Amino acid sequence: MTVRVPAKVNLQLSVGPPRDDGYHDLVNVFHAVSLFDEVTASRPEKDEITVEVGGGFAGQVPVDGENLAARAAVALAARAGRSPAVRLRIHKTIPVAGGMAGGSADAAAALVACDRLWGLGTPREELMEIAAGIGSDVPFALLGGTAVGTGRGENLTPVPAAGRYHWVFALAEGGLSTPKVYAECDRIREATGEPAAWPERSEPLMAALAAGDVKALGATLVNDLQPAAVMLCRPLARTLAAGRERGALGALVSGSGPTCAFLAESAAHADDLSVALNLAGVCRTTVTADGPAPGATVTSEE
Ligand code: ATP
């Protein structure tokens, strides 16, 4: 059972003040892009979970119970009252710790793959609930497309989005820890005395998506975590500037970073921008992708 699952970029990430439970209230406009991991679930030789990871980023991913795909399998099995025994093989294409929710994507894919392999037929709403228990970004990886997430980001409402959007992602050396970026965001706000506003959905952004207006979309992209990510990884300022100087319609840090996302006018423009960013030497490498992409999808039942 093989499931393909997309990475995400945040078109809007507005972060409220820290809550008592340590999380922040968010308005998180997720957009799934055509950069996919694949998770294959098959019957194990012994009554246990095993995880194997292949692909470009394999070395950075845990292969024990810490793997988010394994945690998803355990959560689903517990809900169904069965053994979580499964062999999980993950092919990673989504950058690790890059702010593109790759681990969450694998968790979503594992839920769908194990549900099918074990013949559970878990209703969609229940899968979404289990997904939210694993992590705030996991439900969106099931859904795909474009959606607004509120609360910790897990309460999702799909957004009607016209058109296709072409992106260049500039990958950085190393990753950034999501909790550290949130902590830095709080620290900067405290130090500057800038109060954290209650996060609201950006109506100009919604209008741009509804109209399929790529220029307007580029002008409305916003990420409250960006100053914190740049503070923790200073070279990102140069990466973002280089993309803007080379004609990106919008440039922002993806989620908690350090991947930077650039919105291009067309697929050809994305290719040109990708080459220009590589030549400028402002990132480790680039990948192009477009969106919206579908959520976790079964691609093979063998
Ligand atoms: P987000 O955008 O949701 O904040 P991210 O893209 O920054 O996440 P991930 O790639 O999801 O970060 O990985 C964060 C950490 O989770 C990694 O450092 C890794 O150790 C751990 N991890 C656990 N399972 C996985 C997995 N299947 N794929 C990638 N990382 C995983």
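Here are some short exercises with worked solutions on helix packing, ligand contacts and unusual backbone geometry in this predicted model.

**Exercise 1. Work out how helix α1 packs against helix α2.**

Step 1: Find the two helices. Helix α1 covers residues 68–80, and helix α2 covers residues 102–117.

Step 2: Look at the geometry. The axes of α1 and α2 are 7 Å apart, at an angle of about 40°. That makes α1 oblique to α2, and α1 passes α2 in a right-handed crossing.

Step 3: List who touches whom. From α1 come Leu 68, Ala 69, Ala 72, Ala 73 and Leu 76. They meet Gly 103, Ser 104, Asp 106, Ala 107, Ala 110, Leu 111, Cys 114 and Asp 115 in α2.

Step 4: Sort these residues by character. The contact of α1 with α2 divides into nine nonpolar, two polar and two charged residues.

**Exercise 2. Now describe the packing of α1 with helix α3.**

Step 1: Pick out helix α3 at residues 124–134. Its axis is 10 Å from that of α1, and the angle is about 130°. Angles over 145 degrees would count as roughly antiparallel and 65 to 115 as roughly perpendicular, so a value outside these ranges and not under 35 is oblique. Accordingly, α1 is oblique to α3.

Step 2: Check the handedness. The crossing of α1 past α3 is right-handed.

Step 3: Collect the partners. Leu 68, Arg 71, Ala 72, Ala 75, Leu 76 and Arg 79 of α1 make the contact with Glu 126, Leu 127, Glu 129, Ile 130 and Ile 134 of α3.

Step 4: Sort them. In the contact of α1 with α3 there are seven nonpolar, no polar and four charged residues.

**Exercise 3. Characterise the pair formed by helices α9 and α10.**

Step 1: Locate α9 at residues 235–245 and α10 at residues 267–280. Their axes come within 10 Å and cross at roughly 135°.

Step 2: Classify the pair. α9 and α10 are oblique to each other, and their crossing is right-handed.

Step 3: Name the contacts. Arg 238, Thr 239, Ala 242 and Gly 243 in α9 meet Leu 273, Leu 277 and Ala 280 in α10. The residues of this contact of α9 with α10 divide into four nonpolar, two polar and one charged.

**Exercise 4. Find the residues that come nearest to the ligand, then its polar backbone contacts.**

Step 1: Start with the surroundings. There are 21 residues around the ligand, and those that come nearest are Ala 97, Gly 103, Asp 106, Asp 137 and Thr 178.

Step 2: Turn to the backbone. A nitrogen atom of the ligand lies 2.9 Å from a backbone N or O atom of Leu 68. A polar backbone atom of Ala 101 is 2.9 Å from an oxygen atom of the ligand. For Gly 103, a backbone N or O atom lies 2.8 Å from a ligand oxygen atom.

Step 3: Link back to the helices. Leu 68 and Gly 103 are also among the residues in the contact of α1 with α2.

**Exercise 5. Spot the backbone features that deserve a second look.**

Step 1: Recall what to expect. Most residues other than glycine have a negative phi, and most peptide bonds are trans.

Step 2: Check phi. Ala 97 is not a glycine, yet has a positive phi of about 55°. This residue sits in the loop between β4 (86–92) and α2.

Step 3: Check the peptide bonds. Gly 257 and Pro 258 are joined by a cis peptide bond, with omega about 5°. Pro 258 is in the loop between β9 (250–253) and β10 (260–264). A cis peptide bond also joins Gly 291 and Pro 292, with omega about 5°. Pro 292 belongs to the loop between β11 (285–291) and β12 (297–300).

Key: Residues numbered from 1 in each chain as written. Predicted model: local features only at pLDDT ≥ 70, side-chain atom pairs only at ≥ 80, totals over all residues. Heavy atoms only, no water. Axes fitted to C-alpha atoms, helices over the stretch in contact; angles between N-to-C directions. Helix = DSSP H or I, 4+ residues; strand = E, 2+ residues; numbered from the N terminus. Left-handed = near helix turned anticlockwise from the far one by under 90°. Contact = heavy atoms within 4.5 Å. Nonpolar A, V, L, I, M, F, W, Y, C, P; charged D, E, K, R; others polar. Near = heavy atom within 4 Å. Polar contact = N/O pair within 3.5 Å; in protein donor to acceptor, adjacent residues only side chain to side chain.
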